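Welcome! Open the structure in your viewer, switch to a cartoon view, and follow along one selection at a time.

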Amino acid sequence: MELDEKLYSLSERIKQLKDNIKTEEATKQSLILPFFQALGYDVFNPLEFVPEFTADVGIKKGEKVDWAILKDNEPIILIEAKPCSDDLKKHDSQLFRYFGTTKSRFAILTNGIIYKFFSDLDQPNVMDKKPFYILDMENLTEQSITYVEKFIKNNLDIDNILNTANDLKYLNLTKIAFKQLLENPSDDFVRLLLNMGVYDGVKNQKIIDKFKPITKRAMNQLINEKMSTKFKETLNNDENEKEEENEQEEISEEQNKIVTTIDELNSFAIVKSLLRKEVEPQRITYKDTESYFGILLDNNIRKWIIRINLNTRNNHIFIPDENKKSIRYDINSIDDIYNYEKEIVESLKRYL
């Protein structure tokens, strides 16, 4: 099984189990050890994956970090685990103390869901205050899996990781800052936009406050449009070229009126992940319409698996039963789609 399949499978496991895992030990056994097993480490070999690794700190002897990964009998990665219900922000300092007592170049702080990757980029042998990478196992992307591949046991190249870690650190910090602007544009940012020809009048606080929600909407709409265009370009490469010409014209005309949202694209990713074990991922496609967002097999509108409507106050999905009758299910968020995995898989299998 490839790494992406293992991690997607573990991601689904996390979503199913996290609310029932109450302790650190349960988090370790159920979520964290399977993660490092997926990376190729023998988690039950104390010569490679050492539990309760001693990291004496100053006059405090016997301080232990949860695990250390060894290479040539030296620790290269320290791992500190916390319960999956914990907020990791309050635990950075604990790992910081351990880091300076070993020759390790990397430290990972995790609750089994979030993995924070640290190194000593700013000062040798002193762990950076901010991680150079954060992995969210509940929101996996192809990009995140590509980066995690660098930590596979057989791929581990410390110099290679360090060469990219610095850029990655500041790239992620920039993304975080941009996300904050998307969610809550600052006065200075709104004023900058207004001075770029958006508004010619006096930029007082009243005008700044007026333009904040407009700025937020504009940025999110622009991202939605960019994402929609990119996804359509990618999926069009896999489209069935044998479709009838008149059908293509109808689709083209309809798409000119439609903007596919990020939530719709995320729902497509959810359904695609649920069906990975049943069919090749590239066979799952989508067709956006004015009335619903449809997910299809082989880009065939007669082989629709699920239809999703996120444009109303009452979000809902339709899944065909064995008689191809549409059954409606109300949902509060796209995460609720996971609750209908059985129905979605059965819907797919009727076309196979």
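**Stop one: the sheet**

Begin with the strands of this predicted model. Six of them form an open sheet in the order E1-E2-E3-E4-E5-E6, with mixed pairing. Strand E1 (49–54) and E6 stand at the edges; each has a single partner strand, so one side of each is left without a neighbour in the sheet. From one strand to the next, the twist averages 25°.

**Stop two: the E1 edge**

Select E1 together with strand E2 (residues 64–71). These two run antiparallel and are joined by five bridges. To find your place in the pair, show valine 50, which stands opposite alanine 68 in E2.

**Stop three: strand E5 and its neighbours**

Now select strand E5 (residues 114–118). Is E5 largely enclosed or left open? Four of its five residues are buried, meaning under 20% relative accessible area, so E5 is largely enclosed by the rest of the structure.

Add strand E4 (residues 106–110). E4 and E5 run antiparallel, with four bridges between them, and threonine 110 stands opposite tyrosine 115 in E5. Follow the chain through the hairpin of E4 and E5: three residues lie between the strands, and glycine 112 takes a positive phi near 85° there.

Next, bring in strand E6 (residues 133–136). E5 and E6 also run antiparallel, joined by four bridges. Which residue of E6 stands opposite phenylalanine 117? Look for tyrosine 133.

While side chains are on display, a general point helps: in a regular strand they alternate between the two faces of the sheet.

**Stop four: a helix across the sheet**

Select helix H2 (residues 24–38). H2 lies across E1, E2, strand E3 (74–81), E4, E5 and E6, and runs at about 15° to E2.

**Stop five: the second largest pocket**

For the last stop, leave the sheet and select Glu5, Ser9, Ser273, Arg276 and Lys277. Of the 17 residues that line the second largest pocket, these five lie nearest its centre. The space in this pocket comes to about 380 Å³.

Which helices supply at least two residues each of the lining? Colour helix H1 (3–17), helix H9 (262–274) and helix H10 (341–349) to see them. H1 gives the largest share, six residues.

Finally, try colouring the lining of the second largest pocket by class: you should find eight charged, six nonpolar and three polar residues.

Methods. Residues numbered from 1 in each chain as written. Predicted model: local features only at pLDDT ≥ 70, side-chain atom pairs only at ≥ 80, totals over all residues. Heavy atoms only, no water. Buried < 20%, exposed > 50% of the residue type's maximum accessible area, 1.4 Å probe, protein only. Pairing = 2+ DSSP bridges. Axes fitted to C-alpha atoms, helices over the stretch in contact; angles between N-to-C directions. Contact = heavy atoms within 4.5 Å. 1 Å grid on protein atoms, 1.4 Å probe; cavity = no way out; pocket = protein on both sides within 12 Å on 5 of 7 lines; lining within 4 Å. Points joined across faces, edges and corners; volume = space filled by probe spheres on them. Nonpolar A, V, L, I, M, F, W, Y, C, P; charged D, E, K, R; others polar.
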